Amino acid sequence: MVERRAEHAVKFFYSHLFWHNPGIRDLFPAHPEDMERQRDRLFAALTHVIAHLDDGTLGPYLRDLGRDHRKFLVGPEHYAAVGASLLAALAETSGEAWTPQVEKAWTEAYQVIADTMTAGAEASADPPWWDAEVVRHLQYGQDIGVLTLRPHLPFPYVPGQYTSVSSERVPTTWRTYSIGNAPRADGTLDLHVSRIERGRLSTSLVRETQPGDVLRLGTAGGQLTFRREDRPASLIAAGTGWAPIRAMLEDLAEHPPDQDVRLFVVARDGAHLYDRPLIDAYAASCGWLGVTYITPAPGQHRNQATDRLATALGHRAMWPDQDVYLSGPAQFIAETAALLEELGARPTASSTTPCRASGRAPARRAGRWASASGS
Ligand SMILES: NC(=O)C1=CN([C@@H]2O[C@H](COP(=O)(O)OP(=O)(O)OC[C@H]3O[C@@H](n4cnc5c(N)ncnc54)[C@H](O)[C@@H]3O)[C@@H](O)[C@H]2O)C=CC1
């Protein structure tokens, strides 16, 4: 019932929350577009909770969410305020369906949510976020930057995972980026950033951020990790979606796999194949690796590279017997995943992993699929 009036419910919730708790406003994004995203996230998280009430994944999801919310400076005192405004919004939106029993059920349910999130936050041995100093900034053309960061404390992750990133230059805005390298002895890590038109954080990261700046990183997450199996694997990367694939490839180069790996690298033009020297070196030295580069035909739109990829994928066989890893823009993933399904690389729906609603969740894994997309 509330879902039908979701927009009204969520707007009411935030108006109620900020009116009754003016200090809380500062914890939320200042920019209207970011606040819009925030609204979507809240509703996505609530719908996730309702959809998973009866399965065992809800507890871990809420504990992770609580742990992650520490980076937004959320403390135990904020949970009561949010609960009161949430109940007010649900009452307002439910109309006559808001009976004393429903109110009691929601009050108890919210208490469980708040207690589980608070427990997750308290039990975590991790810091609320990692400060990470920018030690190098490589610029490729106008719109791509590769930032090397040195976290002040050890930052645990596995190749293929992402982290959320925030900069003092764009306060209270967090975006997720994949980590573009396998863990290094010196603890540094790379982020590959493609500037989005009107994207304030990506523009700041590509054009303003300099060595010496300190960024904040959230806990690493995502299930896009390479599975060492007795069957061939294909890695398909588009644009800076190359970052998590590079991390997996670095790890494979260090610990060679028993399976053959084919890498498809898709870019809007030759200049955007910014890691080509490294990929060529891997192709020359790793017998298990084959590489195909794909860019649009001369004079064609950048997305024509996706059509060319489709042709290249169609020429290859054995899709049902492969593990496929996809990473790139959301629309690219959607089109390529649909094509791969047509070619017989069928996902197994039973092993999907829930997305975290606390941030963009670029990693999804279903059976022999793994993909990373996002904004
Ligand atoms: N930076 C990172 O760590 C990661 C980024 N991503 C996502 O990858 C994307 C990278 O963006 P850019 O590097 O600017 O890529 P881009 O805009 O240069 O696109 C690269 C290629 O992807 C295909 N493509 C892009 N949009 C398409 C569309 N609407 N329909 C069909 N094909 C399309 C085209 O073949 C294009 O040549 C972003 O959306 C980002 O969220 C995903 C995972 C990690």
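These are my notebook entries on the domains, the ligand shell and the helix packing of this structure.

**Entry 1: the model and its domains**

I noted at the outset that the model is predicted. I then looked up the domain assignment, which gives domain 1 (3–123), domain 2 (130–217) and domain 3 (233–372). For domain 1 and domain 3 I recorded a separation of 36 Å between their centres, taken over C-alpha atoms.

**Entry 2: the ligand shell**

I turned to the ligand and found 29 residues around it. Ser178, Ser194, Gly239, Ala305 and Gln331 are the closest of these. I next asked which elements give two or more residues to the shell. They are two strands, E4 (175–178) and E5 (189–194), and three helices, H7 (242–254), H9 (304–314) and H10 (330–342). H10 supplies the largest share, with 3 residues.

I also sorted the shell by class and obtained 15 polar, 11 nonpolar and 3 charged residues. Where does the ligand lie with respect to domain 2 and domain 3? Domain 2 (130–217) and domain 3 (233–372) both contribute to the shell, so the ligand lies between them.

**Entry 3: helix H4 against helix H5**

I moved to the helices and began with H4 (residues 76–94) and H5 (residues 100–123). Their axes are 10 Å apart, and the packing angle is about 150 degrees. The two helices are therefore roughly antiparallel, since angles over 145 degrees count as such. I recorded the crossing of H4 past H5 as right-handed.

From H4, I listed Pro76, Tyr79, Gly83, Leu86, Leu87, Leu90, Ala91 and Ser94 as the contact residues. H5 answers with Val102, Glu103, Trp106, Thr107, Tyr110, Ala114 and Thr118. By class, this contact of H4 with H5 holds 10 nonpolar, 4 polar and 1 charged residues.

**Entry 4: helix H1 against helix H4**

I then examined H1 (residues 6–20), whose axis comes within 8 Å of that of H4 and crosses at roughly 140 degrees. H1 and H4 are therefore oblique to each other. I noted a right-handed crossing here, with H1 passing H4.

On the H1 side, the contact is made by His8, Ala9, Phe12, Phe13, His16, Leu17 and His20. On the H4 side, I found Ala81, Val82, Ser85, Leu86, Ala88, Ala89, Leu90, Glu92 and Thr93. I counted the classes in the contact of H1 with H4 as 10 nonpolar, 5 polar and 1 charged. Leu86 and Leu90 of H4 appear in the contact with H5 and also in the contact with H1.

**Entry 5: helix H1 against helix H2**

Lastly I looked up H1 with H2 (residues 32–51). Their axes come within 10 Å and cross at roughly 110 degrees. How are H1 and H2 oriented to each other? They are roughly perpendicular, because 65 to 115 degrees is the range for that term.

I found Ala6, Val10 and Tyr14 of H1 meeting Arg39, Leu42 and Phe43 of H2. The contact of H1 with H2 has 5 nonpolar residues, 1 charged residue and no polar ones.

Definitions and conventions: Residues are numbered from 1 along each chain as its sequence is written. This is a predicted model: local features need pLDDT of at least 70, side-chain atom pairs count only at pLDDT 80 or more; totals for chains, interfaces and linings use all residues. A residue is near a molecule or strand if its C-beta atom, placed from the backbone, lies within 6 Å of it. Helices (H or I, at least four residues) and strands (E, at least two) are DSSP runs, numbered from the N terminus. Ala, Val, Leu, Ile, Met, Phe, Trp, Tyr, Cys and Pro count as nonpolar, Asp, Glu, Lys and Arg as charged, and the others, Gly among them, as polar. Domain bounds come from an automatic or database domain assignment. Axes are lines fitted to C-alpha atoms, for helices over the stretch in contact, and angles run from 0 to 180 degrees between N-to-C directions. Angles under 35 degrees count as roughly parallel, over 145 as roughly antiparallel, 65 to 115 as roughly perpendicular and the rest as oblique. A crossing is left-handed if the near helix is turned anticlockwise from the far one by less than a right angle, and right-handed if clockwise. Two residues are in contact if their C-beta atoms, placed from the backbone, lie within 7 Å.
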